[in-house]
Every structure is written in structure tokens, then in C-alpha cells.
Amino acid sequence: MFLEITQQIHQWLLSLLPETAVPYVEMVLIAVVYLALFAVLGLFLVLLERRVAAWFQLRIGPNRVGFQGVLQTIADALKLVSKELVGIKKADKFLYNLAPYFVIITSLTALGLFPFSPYFQGFDINIGIFLLIALSSIGVIGILMAGWSSNNKYSLIGAMRSGVQTISYELSIGLSLLTMVLLTGSLQLSEIVEVQKNGWLILQGHIPAFIAFVIFIIAGTAETNRTPFDMVEAESELGAGFHTEYSGMKFAYFFLAEFINMFIICAIATTVFFGAWLSPFGITDSIVWLGPFWFMAKTFVLIFLMMWFRWTFPRLRVDQLLTLEWKYLLPINLVNIVLMAVLVWQNLIIQF
Amino acid sequence: MLTTTAPEIKSEEYFINMGPQHPATHGVLRLVLTIDGEIIKKVEPDLGYIHRSIEKMCESDSYQQIVHLTDRMDYLSSHINNEAVCLTVENALQLEVTDRINVIRTIMGELTRISSHCLWWGVMGMDVGALTTYFYGFRDRELINDIFEETCGARLTMNYAIPGGLMYDIHPNFVKRVKEFIVHFKTKLPEYDRLLTDNVIFQKRMVGVGLLSKEDAISFGASGPVGRGSGYSCDVRKHHPYSALDKVSFTESLLTAGDSFARYKVRIMEMWESMSIIEQLIDNIPEGDFRLTTNAVIKLPKGEFYQKVETARGELGVFIISTGTKSPYRLKFRSPGLSNLSLLNHITVGGKIADLVATMATIDIVVPDIDR
């Protein structure tokens, strides 16, 4: 269906415009589609987080603006847009203003990589996984810039913690995905999905794949700075951490990016471990337009898992965070890669 | 011989103001921290942001009026504060109150202790990053506040105890509702353990952090759960029983580890003990007067009077010097918060910023109690 629609739009544009102009117009159209997706996802995730939090905390949550509070985040966003952008004396103005864009652009770009359906993927390059990891680590530079330029000691401590945390947990994310790449033999996201037509990778790779998944979800939680790894903004210690000095829409950028990053981590897990747009056991694979539904369903189950973490666990201390990574996750990860290699070598993969 | 010297990297200690507006300082406490990276070098509490000179005000108030001021000290154990002043005045007048008054005062005091610990537990979780605990703590605290509201009309600043008895008799529903609460809380308190106490991350944050030896606890004047977490047996209810506390049997919650986790556990144990005390008293509240007739203007005999009680935070002492007039010549509160805060620097130096926040939560600071 997506293919037909895109073909029709393509033909329609060709009939209107000269052939050289068509790709540029299409690029803009795709960008608009992804921006819309970004905004809707961000707003929906904020609402979802608040409702899930309320559910965990014996509360009701926002339920007054619109049906069951669906318009609450839109109202909040409008409020943030209309708020004053408070400037700071002695701040590094250039970095201070640049930081939010760094954070938001990387997460927006990463969104374009996911195979929501065989015909709904922004760009499918042969180093997809690699690019995703690279993009997710650029985001932290934005956080470092924000903390450094704010001229605030709390922000600075938050940013330094963020640097330490990301450098450490990048390793785990990379290595756990590398484990899965051993199974697929490709870094291209569409091919990774193709391989999973014989069963999701978490089933194909069974034990090592499951270990890799657990490590990935732990490291992913750390990467997105969520509890129990929310050192960066540790509310009870640092006030608001790196974004203490940001107000209005600049703050909203950080806030949105945080939620989109959570979506990105869960979407990576969905793509690599749970077969992206493939339905469970291929029950509806013939109906292509259900692809995005399955993709979103799986991603939101994982997002719920991460929200569950957040509203249940206390926060780790910064040295315990590093101990967990360097003394436990990293060695386990290295052994796991060897295990997976043996699995692939001896052909012990389960295929359906 | 060639020697290569690495370029010297200089690191500096810097200071940070934690508070007076900071989520972890529970009010308007200002801590001046000297830190080296993340490691705490020195903690200097700076007080006075909420000083209302309560002790000075007491010198021009009548004894009935003083009771009302004590609500505003440690507002989480307001009833116990009221009781402390009432007991001092009654002792000075050598007024024997009826058993009914004693029993009701003790039940209200223990309910206050549970409600205070509920709030502390919620905030404790928040300080270590688990926000959900706050709402669990408040769920159970609300029920106690409802009982208070029904009994005396106030939920926080109670003014229920007055010199010579109680402001009102208990509400007809009181016994029933307290029993309902005990049944409810017995099922909910294990939930606290499941949610927070047994959590691995929480234990990692608590065990072995903020160590306070028994000797230090005594020399810093620590009292309440802070002292008892270090093995210092200092429960006033046990050693100098007041009101109806000599009629009940309970064990003093005492742990010897002296770390943050011990202080945490002591408070959880105290909630169980308080429930047991209430259970022993609630079924047979004796008949009798709920208020003895006193003079409209109470004049204490000339002399010095001291009475101490156990609030949710520790030992509260009331010292009155009377010259025989309607107001005290001098009144001094020995508040548990101030002496407990004084050991903060001692137990947090060398830890991380996160440890400071967690340790401060286990000391259970109420700033108006420190500043008065």
C-alpha cells in the first residue's frame, strides 16, 4: 500500500514538475512526514509516561484536557512555546544556543533509519546499525555542551556525569548489537529484518541473543539517561542537571529528545531482536500495511518496560554505575560474543 | 639521564551552595559543600532561613499559648511536641491527669510517629531516585490525617493536647477507624519492604554508607532513630516513660551497624512497634475526664522544670524557668534535629554527592525543628 501511494505521488509530481526538481520536492515531503512523526511520537510518549507513572503511583494522571487527557501535552507544548527564553550572564552564548539543536537533530535523523515496513523506511544504507550507534553518541555532545556553557556548577556536574556514563555504556550497546550482527551477517537494517523471516533473532540466537538483549536494554536505559541511570539530571541531587538553565522551547527540545531517544533505543531493540515489522510467527505477514502496527506494538511494549524501570527503581551512584558497566556488563558481553560466534560456527541456530 | 615528566594536571576544590532552594534539603536549609569533583570534602550547614524565635515568643505567652507554637517546630510530630509542653506544665503544677487522657495522648503520639515515618519513607525513596515511594507513603499517611481531622479538626498542626488534658474528647468513630487503619497498614507495610528495602540498588546505596559509631553518636548528642541505628539505646519512651507508655510492652528498635541502612531499618521497625503499642491500648481506653479543670491563667511555681519526650526524630526536651508569673522567664527546647544535623559533616565527608543526599534523608531533617 505504501508502495502504491508513493508511486502515485511520484507520478503526480513528475507530471507537474521537471524531472530534476522531483527528488528535491520528495526530500522535503519525506522530511515533513518524519517531522510530523517526530512531533506526534514525542507528544504521545510524554502523555504515555505521565499516565504510566500515575498508574504506578496510585494516581490518575492528566485526564482533563481532551478525551482522557490526550491534548494535555499539546497544551503543555503551547505553554512552552509561549514562554520567555531566559538568557544567562557569562554563559558561552554560542554553545548554549547550539546545544538543544545538537540533541534534537541527532534523534530526528536516527528516526529516519527504522524499517517501519518494507516500504516505509527513510533511508536504508548498508551500515544502518553503525550509523544508529554513531548518531546516538553524538547526542551526548549536545548534553556536554549544554552543561559546560550554562555557567552553572550543577549543570557542569550533570554534564560530566553524562560524559562518563555515555562513554562507558556505548561499549555495551555496540558490543551487544555486534553479537547480533554475527547472526545476521549484515549491518543493513532491511537485511536484518529479512533474516528474521525464519524466526526473530532473539529466538534464532536463543541464549546468547537473550543475554545480548538484556545487556542492550540495560545499556539503552543508561544511554537515554533514565532511572536507574539518571545521574545526569538526578533531580534530588542536581536540581535539573544539565538543562537547569534552559527555559521555554529550548528546554522542550531536550525534553522531547529524551523521549524520542527512548523510542529510538526501543526501536533498535525491536528491529534487531524482535523482527521489526514482522508479525509473530508470520501470521499477518501477507498483509503489508500491518507492518507499522507490529513495529509500533513491539516498540511500545519495550517502552513500557523502560517506564516500569523508571517508576520502580532507585538511582545508582555514579561509581556504582561505572562498576556495573566495566566489571560486569563488559566482560559478560565479550564472553557472549565468543559464545555467539561458536553458535554460528557450529550452526546451532534455531530456525523455524 | 633523561627524565620525562608528565604535565601536571591541577585540580581544584570548589564549593557549591546546596539550598536554600534545593529539592534534597527538605525546606530552607543551606549546605555549603566543598567538593573535589564528586567527592565531598566539607559540609557546612548554614541555618537561620526559617528562624522565627519561637523560644523568645514563648517568654511573653501564657502556657496555653505556648502549646500552639510548638506545632510549628517539628510539624511532622506536632502532637508529641504539644504533649511535651503539656507534660512539663503538668509536672510543675503536680497535676495528675486521668488514665483516659494518658492513653489517648499515647495513641495519638504513636499515630503521629507512624505518619511522620510514612512521610519520611516516601521522601527517602525520592532522595535516592525512586519517585513512586512518595505516593505510597502518602496513601497511608492520609488515613492517619483523616483520623486526626475527625478527632480535633486539624490534620497537621493539631493543638490537641492542652495543659490539663485534651482539647476535645475523642470522636465516637475514633476507635473503629484506628483499628481499620492498623489492619490496613499491616498489609501495606510489607509493601514498603518489597518496593524499596529489598531493592538491590537501594541496598547498594545504603549499606556501609554514612557510618556513625556508637561513641560518636553519643558525643554528637544524636537521638532517635539516628542514635539507635548506631546501637545507642536512647529511646525516651523506654528509659523515662511518660503518659501511658509505662503500661505497654514494646521493644526498643536497636541496630548496631550505624550505617544509613541501619537508620532506615530502625524507622521501619519503629512503625511496627508503634502499631503494637496502639493495639495494646486501643481496645480499652479507660473512662474518665478528658480534661481537668485548671485555672484560666496558669501560673507555674517558681523553679526550673524539664521534661523530655521521644518525637519521631528523637529526644525533644522542654526546659522552663519560671518566676511564678503567667509566662516562663526562659524557655528552651532541646530539639532532636539540630544535634542530629551537627553530625552530618562527620559522616558524609569522603562520600559522593549522591551519598550526602541519601545520608541526609536517613537523618530525617525537618528544618523548622532545627531553626525554631
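Gln21(B) sits in the loop that runs between β1 and β2 (30–36) of chain B. In this predicted model, is Gln21(B) buried or exposed? A residue counts as exposed if 12 or fewer other C-beta atoms lie within 10 Å of its own. Gln21(B) has 12 C-beta neighbours inside 10 Å, so it counts as exposed. A look across chain B gives a sense of distance: Gln21(B) and Ile147(B) are separated by 126 residues in sequence, and their C-alpha atoms are 33 Å apart in space.

How confident is the predictor in chain B, and what average pLDDT does the chain have? The average is 87, and 98% of the residues score at least 70. Among the elements of chain B, the lowest mean pLDDT, 85, belongs to β1(B), while the highest, 91, belongs to helix α11 (residues 260–282) of chain B. For the complex, the predictor gives an ipTM of 0.81 and a pTM of 0.86.

The two chains meet through 26 residues of chain B, which are in contact with 23 residues of chain A. On the chain B side, at least two residues each are supplied by β1 (14–18), α4 (99–127), α5 (132–152), α7 (200–206) and α14 (353–363). Sorted by character, the residues on this side of chain B comprise 14 nonpolar, five polar and seven charged.

Attention now turns to chain A. Its secondary structure consists of 13 helices and zero strands, and reading along the sequence therefore gives the pattern α-α-α-α-α-α-α-α-α-α-α-α-α. The radius of gyration of chain A is 21 Å, close to the 20 Å that the globule rule gives for 352 residues, so chain A is as compact as a globular protein of that length. Along its principal axes, the C-alpha trace of chain A spans about 60 × 60 × 45 Å. Of the 352 residues of chain A, 43% count as buried. Among the contacts in chain A between residues at least 6 apart in sequence, 79% join residues at least 24 apart.

The domain assignment divides chain A into domain 1 (1–82) and domain 2 (86–345), and the C-alpha centres of these two domains of chain A lie 21 Å apart. Where they touch, 20 residues of domain 1 of chain A are in contact with 21 residues of domain 2 of chain A. On the domain 1 side, the elements giving two or more residues are α1 (2–16), α2 (22–56) and α3 (72–82) of chain A. The largest share of that side, twelve residues, comes from α2(A). In character, the residues of this side of domain 1 divide into 16 nonpolar, three polar and one charged.

Which residues have the most contacts inside the largest nonpolar core? This core has 185 residues, and those with the most contacts inside it are Phe263(A), Cys266(A), Ala269(A) and Phe273(A). The helix that gives the most to the core is α11 (residues 248–273) of chain A, with 18 residues. Domain 1 (1–82) and domain 2 (86–345) of chain A both give residues to the core, so the core lies between them. Phe273(A) offers a view of the surroundings from one of these residues: leaving aside its neighbours within four places in sequence, Phe273(A) is in contact with Met180(A), Trp200(A), Leu201(A), Ile202(A), Ala209(A) and Phe213(A).

How values were computed:
Residues are numbered from 1 along each chain as its sequence is written. Chains are lettered from A and ligands numbered from 1 in the order in which they are written. This is a predicted model: local features need pLDDT of at least 70, side-chain atom pairs count only at pLDDT 80 or more; totals for chains, interfaces and linings use all residues. Helices (H or I, at least four residues) and strands (E, at least two) are DSSP runs, numbered from the N terminus. The radius of gyration is taken over C-alpha atoms; the globule rule is 2.2 Å times the number of residues to the power 0.38. A residue is buried if 20 or more other C-beta atoms lie within 10 Å of its own, exposed if 12 or fewer, and partly exposed in between; C-beta atoms are placed from the backbone. Two residues are in contact if their C-beta atoms, placed from the backbone, lie within 7 Å. A nonpolar core is a set of buried Ala, Val, Leu, Ile, Met, Phe, Trp, Tyr and Cys residues joined through C-beta atoms within 7 Å. Domain bounds come from an automatic or database domain assignment. Ala, Val, Leu, Ile, Met, Phe, Trp, Tyr, Cys and Pro count as nonpolar, Asp, Glu, Lys and Arg as charged, and the others, Gly among them, as polar. pLDDT is the predictor's confidence in each residue, from 0 to 100.
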